[in-house]
Amino acid sequence: MMKLNPKRVWVPGPLIVGAGPSGLATAACLKEKGVPSLILEKEDCIASSWKLRTYERLRLHLPKQYCELPLMPFPPGFPTYPTKQQLISYLEAYAECFSIEPLFRMEVKCAEYDPSIGFWRVQANDLEFICRWLVVATGENTEPVVPEITGFSDFHGRVLHSSSYKTGDDFEGEKVLVVGCGNSGMEVCLDLCNNHAHASMVVRDKLHILPREMFGVSTFGLSMWMLKWFPMNFVDSLLLFFSWMTLGDTEKHGLLRPKVGPLQLKSTTGKTPVLDIGTLAKIKSGHIKVVPGINRFVENGVEFVNGKQEGFHSIILATGYRSNVPSWLKENEFFSEENGLPRVQFPNSWRGKNGLYATGFTKRGLLGASFDALRIAEDVARHWNVKTKHFPLEF
Ligand SMILES: Cc1cc2nc3c(=O)[nH]c(=O)nc-3n(C[C@H](O)[C@H](O)[C@H](O)COP(=O)(O)OP(=O)(O)OC[C@H]3O[C@@H](n4cnc5c(N)ncnc54)[C@H](O)[C@@H]3O)c2cc1C
């Protein structure tokens, strides 16, 4: 990195925005190809999503072999589903191994391609970074999504997004309403229940719930294996049959299944099936209540869409996240302004125009991020030459 004047910095290799797993993987793959890069990170640490915005009991949802970053496996002693702390320690060792040193507290507020010079201009704090390649690694899950519900200010209890939820200890003895029934909502309910809180879960939409493992094998791994041999709709039928054998009829407990199978739904809409780690048993035993959508908040609780009111001490919004790309990237050909994701889908979502790349936007978790990182490094390395390492223009 070379300073042109106190406010402008020339970055010889790619500039990567975000020091989560995707940004780190890309920097490591580039380094292996001999290409230097620079990461800008808005927080003061790597893997900030995992360190700052996740609950204590979180473990990887998928087996470890599907979550390793390129070039460095997990330590052999890690369990099949590493804990959040184990993942963080792995990512720290990863950054150290590849000597990745992001610039922290550098929030990118604007990035724009300047066709007059053929470079990207990237603003962070009071600096302007100039680079030939820009890698967007800010994540699909950056901004918490908070739904608009009437009467929000009328409610006297506590309301928080699941990104601020740490542990069920904080809710012991309380009646808690969890809004949302994805993997986070289900796990938060289970954690509340295990910590002697009384959890109810809002289920508005149909969803696929599958056991995390079938016959001692991870459902994810089994699906990937079956997809090599059979068409998707057949694999879906098998998954639903095995789930019915293991979990029983989920519809009896208010969890209606979509007509489209779990893998087909994932591939067409990106909607991930819930991998059950014990929540369903608590629903069956009546420890977790399934309730309908919310109509409005009232002073001591909520009114549901069926008109019934119920009191709650706390409400946890497990209502998901969205990408923040449209707020800072001045480009709308490759990235959609609407959802902040690449308009083209996996496996082509990693490369845009004019040296723009995206990593970690495949809806395929860490496996997808690793795929992107390897492709990006190969592509940049092809263009990387001695000339670009030197200062190319007079500013
Ligand atoms: C609860 C939960 C569990 C998950 N479990 C799994 C799992 O088991 N297996 C799996 O494969 N995937 C899992 N995922 C999905 C995904 O793999 C993770 O979210 C992963 O952290 C994504 O990595 P990322 O680097 O793309 O994004 P992030 O980890 O979100 O990192 C993005 C980084 O960019 C920074 N940033 C954002 N905007 C700016 C800006 N303007 N300027 C500078 N920096 C910025 C952020 O501070 C952050 O550090 C899970 C996700 C969640 C939410």
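Author: Two strands pair if DSSP finds at least two bridges between them. The model discussed here is predicted.

Reader: In what sense do strand E6 and E7 pair?
Author: Strand E6 covers residues 119-124, and strand E7 covers residues 127-131. They are joined over 5 bridges, and in E7 the bridge partner of Arg121 is Ile130. The sense of this pairing is antiparallel.

Reader: Which residue in the hairpin of E6 and E7 takes a positive phi?
Author: The hairpin has 2 residues between the strands. One residue has a phi near 50 degrees, and that residue is Asn125.

Reader: Which residue in E7 does Val9 stand opposite?
Author: Strand E2 (residues 8-11) pairs with E7 in the parallel sense, over 4 bridges. In E7, the residue opposite Val9 is Phe129.

Reader: How many helices and strands does the protein have, and how does its radius of gyration compare with that of a compact globule?
Author: The secondary structure comes to 10 helices and 23 strands. The C-alpha atoms fill a box of roughly 70 × 55 × 40 Å along the principal axes. For 395 residues a compact globule would have a radius of gyration near 21 Å, so the protein agrees with that rule at 23 Å.

Reader: Which are the edge strands of the open sheet of 4 strands?
Author: The order in this sheet is E4-E3-E8-E23, and the pairing is parallel. An edge strand pairs on one side only, and that describes strand E4 (38-40) and strand E23 (356-358).

Reader: What angle does the direction of H1 make with that of E3?
Author: Strand E3 (residues 15-17) pairs with strand E8 (residues 134-136) over 3 bridges in the parallel sense, with Ile16 opposite Val135 in E8. H1 packs on this sheet and touches E3, E4 and E8. The angle between the directions of H1 and E3 is about 160 degrees.

Reader: What is the order of the strands in the open sheet of 5 strands?
Author: The pairing in this sheet is parallel. Its edge strands are E10 (158-161) and E17 (288-291), and the twist averages 20 degrees from one strand to the next. The order is E10-E21-E11-E12-E17.

Reader: Which helix packs on that sheet, touching E12 and E17?
Author: Strand E12 (residues 198-202) and E17 pair in the parallel sense over 4 bridges, and Ser200 stands opposite Lys289 in E17. The helix touches strand E11 (175-179), E12, E17 and strand E21 (314-317), and its direction makes about 165 degrees with that of E12. It covers residues 183-194 and is helix H4.

Reader: Why is H6 called oblique to H7?
Author: The axes of helix H6 (residues 232-247) and helix H7 (residues 262-269) come within 7 Å. They cross at roughly 130 degrees, which makes H6 oblique to H7. Angles of 65 to 115 degrees would count as roughly perpendicular and those over 145 as roughly antiparallel, so the rest, outside the roughly parallel range, are called oblique.

Reader: How do the residues of the contact of H6 with H7 divide?
Author: H6 contributes Met232, Asn233, Val235, Asp236 and Leu239, while H7 contributes Pro262, Leu263 and Gln264. These divide into 5 nonpolar, 2 polar and 1 charged.

Reader: Which element gives the most residues to the shell around the ligand?
Author: There are 35 residues around the ligand, and Gly18, Gly20, Gly139, Gly360 and Gly365 come nearest. The elements that give two or more are helix H1 (21-32), helix H2 (48-52) and helix H9 (365-383). The shell divides into 15 nonpolar, 16 polar and 4 charged residues. With 4 residues, the element that gives the most is H9.

Technical notes: Residues numbered from 1 in each chain as written. Predicted model: local features only at pLDDT ≥ 70, side-chain atom pairs only at ≥ 80, totals over all residues. Near = placed C-beta within 6 Å. Nonpolar A, V, L, I, M, F, W, Y, C, P; charged D, E, K, R; others polar. Axes fitted to C-alpha atoms, helices over the stretch in contact; angles between N-to-C directions. Parallel < 35°, antiparallel > 145°, perpendicular 65-115°, else oblique. Contact = placed C-beta atoms within 7 Å. Rg over C-alpha atoms; globule rule 2.2 N^0.38 Å.
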